[in-house]
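Please open the model in your viewer and keep the sequence panel beside it, since each stop on this tour begins with a selection. The stops are arranged so that each selection can stay on display while the next one is added.

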Amino acid sequence: MKLKGALVAVTVALAGCASTAPHYYSLQAIEDSPPAAPVQGAYAISVQPVVIPQQVARPQVVVRMAPGSEVVPLASALWVGPLEDQIRLSLAAELTRRLGVLDVGSARIDNNLPVWQIYVDVQRFDAVYGQQVQQEIVWRMVPQGIPGKPAPRVCAAQAALPVQQGMGALVEGHRQALAGIAQAMTRALETGAKKGRGALNDG
């Protein structure tokens, strides 16, 4: 009898979730922070379309209810746009703010404009509801017309942050994790730019 009662309770809870109006979430900040530095124009970045794991490539926000458990797409919690686009826009916004350069996206690039093309592979985009979010990202930086002709670089970073109960807290955790990874990407780009300028000066 106890088991039957538990099953009835779960069924009622799921029915309630199914009738809930969907809520939409974005990985971009509501209010953009002012640029950390003015746009300098010495080079630009081009954050290319992002690759994400298949299990999270869906309109719903995907979570785990406990570590190691099956991933669950939430019918009433939807991304405002494709997740891969949300990640690309979030990283691009952070990089332009931190570096003070423009992101030209996938637009046709002027041959006279030095550009770092950035290819992002999200290898993990995980969330345990009410506990933590985890991200692992590998990116490749390919210079196009950068002074000194620095070599392409492959870098990786990961982030794990605790989160409170609630979808707002979970999405904010993902946003903060992406900001932390963008900080690592910023350092890599600054190092690549300095090496390029150094090689040019040595020549």
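Begin with the ring of Tyr-119, and add Arg-140 to the selection: Arg-140 lies over the face of Tyr-119, at 4.6 Å from the ring centre. Bear in mind at this stop, as at every other, that what is on the screen is a predicted model.

Now zoom out and colour the chain by secondary structure, which comes to 3 helices and 7 strands. If you trace the chain along its sequence, the elements follow the pattern α-β-β-β-β-α-β-β-β-α. Of the 203 residues in the chain, 38% count as buried, and the accessible surface comes to about 11,500 Å², with 55% of this surface belonging to carbon and sulfur atoms. Among the contacts with a separation of 6 or more, 71% are accounted for by residues 24 or more positions apart.

Next, select the residues of the interior. In soluble globular proteins, nonpolar side chains tend to be buried together. Here the largest nonpolar core has 46 residues, and those with the most contacts inside it are Ile-45, Ile-87, Ile-118, Val-120 and Trp-139. Which elements each supply at least two residues of this core? They are β2 (44-47), β3 (60-64), β4, α2 (83-99), β5, β6 (132-144), β7 (153-162) and α3 (167-202), and of these α3 gives the most, with 11 residues.

From the core, pick out Ile-87 and display its surroundings, leaving aside residues up to four places away in sequence: Ile-87 touches Leu-27, Val-50, Ile-52, Val-122, Phe-125 and Leu-178.

Keep Phe-125 on display and add Trp-79, for these two residues form an aromatic pair that is edge-to-face, at 6.5 Å centre to centre and with 65° between the planes. The structure holds 1 aromatic pair. Because Trp-79 lies in strand β4 (residues 71-79) and Phe-125 in strand β5 (residues 115-128), the pair ties together parts that are 46 residues apart in sequence. Are the two partners buried or exposed? Trp-79 is buried, with a relative accessible area of 6%, and Phe-125 is buried as well, with a relative accessible area of 7%.

Move then to strand β2, where you will find Ser-46. Ser-46 is buried, its relative accessible area being 0%. Add Gly-105 to the selection and look at its backbone oxygen, which the side chain of Ser-46 reaches at 2.3 Å.

For the last stop, select Lys-149, which is found in the loop between β6 and β7. Lys-149 has a positive phi of about 50° although it is not a glycine, and at 77% relative accessibility it counts as exposed. Finally, add Gly-192 and draw a distance between the two C-alpha atoms: those of Lys-149 and Gly-192 are separated by 9.8 Å, while the two residues are 43 residues apart along the chain.

Definitions and conventions. Residues are numbered from 1 along each chain as its sequence is written. This is a predicted model: local features need pLDDT of at least 70, side-chain atom pairs count only at pLDDT 80 or more; totals for chains, interfaces and linings use all residues. Side-chain values use heavy atoms; hydrogens and water are left out. Rings of Phe, Tyr and Trp (its six-membered ring) pair if their centres lie within 6.5 Å; planes under 30 degrees apart count as stacked, over 60 as edge-to-face and the rest as tilted. Helices (H or I, at least four residues) and strands (E, at least two) are DSSP runs, numbered from the N terminus. Buried means under 20% relative accessible area, exposed over 50%, partly exposed in between (1.4 Å probe, protein chains only). A charge sits over a ring if NZ of Lys or CZ of Arg is within 6 Å of the ring centre and within 35 degrees of the ring normal. A nonpolar core is a set of buried Ala, Val, Leu, Ile, Met, Phe, Trp, Tyr and Cys residues joined through side-chain atoms within 4.5 Å. Contact means heavy atoms within 4.5 Å. Accessible areas come from the Shrake-Rupley method with a 1.4 Å probe; for residues, only the protein chains shown count as cover. A polar contact is a pair of N or O atoms within 3.5 Å; within protein, one must be able to donate a hydrogen and the other to accept it, and residues adjacent in sequence count only if both atoms are side-chain atoms.
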